[in-house]
Amino acid sequence: MRAGNYEEAAQDFTAAIKANPSFAEAYFNLGLVRVDQTHYEDAITSLKRSLALKPHFHGANLFLGIASYRRNEYDNAIAALKKETTLDP
């Protein structure tokens with residue numbers, strides 16, 4: 001992912017999810033890849049799944065807020081960012 005090989009990273013995280021569907025970190029990282037690719041709807045789906053598995057996942061609400069903001073979903077963005085700052089002031 002750091003080398004900019006986003007689609008390869010997405011495939012790797014998707015494979016990790018298939019191998020272990022309860023692996024919140026893989027959903028989170030897939031969400032980050034999708035944010036970088038500007039696939040915000042997919043990012044939101046992955047980040048929400050990460051949070052469903054691990055509600056206090058550090059940073060997940062931050063990136064959920066960013067993805068929501070970029071989709072002009074301001075109420076959702078505000079809610080996610082408020083949650084992140086509550087969990088990690």
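**Note on the α2/α3 packing and the salt bridges**

1. In this predicted model, helices α2 and α3 are roughly antiparallel to each other, a description that follows because their axes cross at roughly 160° and angles over 145 degrees are counted in that class. The axes of α2, which spans residues 24-36, and α3, which spans residues 40-53, come within 8 Å, and the crossing in which α2 passes α3 is left-handed.

2. The contact between these two helices can be listed residue by residue. On the α2 side the participants are A24, Y27, F28, L30, G31, R34 and V35, and on the α3 side they are Y40, D42, A43, S46, L47, R49, S50 and L53. By class, the residues of this contact divide into 9 nonpolar, 3 polar and 3 charged.

3. Turning to charged pairs, the model holds 4 salt bridges. As general background, side chains of opposite charge can pair when their charged atoms come close. One of these bridges joins E7 and R34, whose closest N and O atoms are 3.4 Å apart; E7 belongs to helix α1 (residues 6-19) and R34 to helix α2, so that the pair links distant parts of the chain, 27 residues apart. The two partners may be set side by side in their accessibility: E7 is partly exposed, with a relative accessible area of 39%, whereas R34 counts as buried at 14%, the cut-off for that class being under 20%. R34 is also among the α2 residues that meet α3.

4. A further salt bridge is formed by the side chains of E25 and K54, with a distance of 2.4 Å from N to O. Because E25 lies in helix α2 and K54 in the loop between α3 and α4 (60-70), this pair ties together parts that are 29 residues apart in sequence. Both partners count as partly exposed, E25 at 26% relative accessibility and K54 at 36%.

5. Which residues are joined into one network by salt bridges that share partners? E73 forms a salt bridge with R71, the closest N and O atoms being 3.0 Å apart, and the network as a whole comprises E41, R71 and E73. Within it, E73 counts as partly exposed at 25% relative accessibility, and R71 likewise counts as partly exposed, at 35%.

6. For checking against the structure, the points to inspect are the roughly antiparallel arrangement of α2 and α3, the E7 to R34 bridge between α1 and α2, the E25 to K54 bridge between α2 and the loop that follows α3, and the network of E41, R71 and E73.

Terms used:
Residues are numbered from 1 along each chain as its sequence is written. This is a predicted model: local features need pLDDT of at least 70, side-chain atom pairs count only at pLDDT 80 or more; totals for chains, interfaces and linings use all residues. Side-chain values use heavy atoms; hydrogens and water are left out. Axes are lines fitted to C-alpha atoms, for helices over the stretch in contact, and angles run from 0 to 180 degrees between N-to-C directions. Helices (H or I, at least four residues) and strands (E, at least two) are DSSP runs, numbered from the N terminus. Angles under 35 degrees count as roughly parallel, over 145 as roughly antiparallel, 65 to 115 as roughly perpendicular and the rest as oblique. A crossing is left-handed if the near helix is turned anticlockwise from the far one by less than a right angle, and right-handed if clockwise. Contact means heavy atoms within 4.5 Å. Ala, Val, Leu, Ile, Met, Phe, Trp, Tyr, Cys and Pro count as nonpolar, Asp, Glu, Lys and Arg as charged, and the others, Gly among them, as polar. Buried means under 20% relative accessible area, exposed over 50%, partly exposed in between (1.4 Å probe, protein chains only).
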